[in-house]
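Colleague: I'm new to this one. Could you show it to me and take a few questions?

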Amino acid sequence: AVIVSCCGIVSVASIGAALLLPVWAIFLGFEGLAFYLLCSITLFVVFRHRANIVRLIRGEERKFSAAQG
């Protein structure tokens, strides 16, 4: 939520959270299979967002805007 409110792009928040997952796993003491599973999840999320990453690089990614009511 903090990343979305700062930059307004949901995919940046998703990718950022995924990239922080292994860091938190190390911080929390995850080892072995659990750590590798979390790293695999990170790679999967980044892989699934590859089109978003290309749009971010090109500056074409749409920003999130809350509906006004």
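Colleague: Is Phe27 buried or exposed?
Modeller: Happy to help, and please keep in mind that this is a predicted model. A residue counts as exposed when its relative accessible area is over 50%. Phe27 has a relative accessibility of 64%, so Phe27 is exposed.

Colleague: How is the ring of Trp24 arranged against that of Phe27, stacked or edge-to-face?
Modeller: Trp24 and Phe27 lie three residues apart in helix α2 (residues 10-27), which puts about one helical turn between them. Their ring centres are 5.2 Å apart. Planes over 60 degrees apart count as edge-to-face. The planes here are at 85°, so the pair is edge-to-face.

Colleague: The structure holds two aromatic pairs, so which residues form the one with Phe35?
Modeller: In that pair the ring centres are 5.7 Å from each other and the planes make 70°, an edge-to-face arrangement. Phe35 is buried at 18% relative accessibility. Its partner is exposed at 56%, and that partner is Tyr36.

Colleague: Which ring does the charged end of Arg50 sit over?
Modeller: A charge sits over a ring only if it is within 6 Å of the ring centre and within 35 degrees of the ring normal. The charged end of Arg50 is 4.0 Å from the centre of its ring, which belongs to Phe47.

Colleague: Which residues is Asn52 in contact with, leaving aside neighbours within four places in sequence?
Modeller: Asn52 belongs to helix α4 (residues 50-58). With 15% relative accessibility, Asn52 counts as buried. Beyond those sequence neighbours, the contacts of Asn52 are Ser11 and Glu61.

Notes:
Residues numbered from 1 in each chain as written. Predicted model: local features only at pLDDT ≥ 70, side-chain atom pairs only at ≥ 80, totals over all residues. Heavy atoms only, no water. Phe/Tyr/Trp six-rings, centres within 6.5 Å; stacked < 30°, edge-to-face > 60°. Helix = DSSP H or I, 4+ residues; strand = E, 2+ residues; numbered from the N terminus. Buried < 20%, exposed > 50% of the residue type's maximum accessible area, 1.4 Å probe, protein only. Contact = heavy atoms within 4.5 Å.
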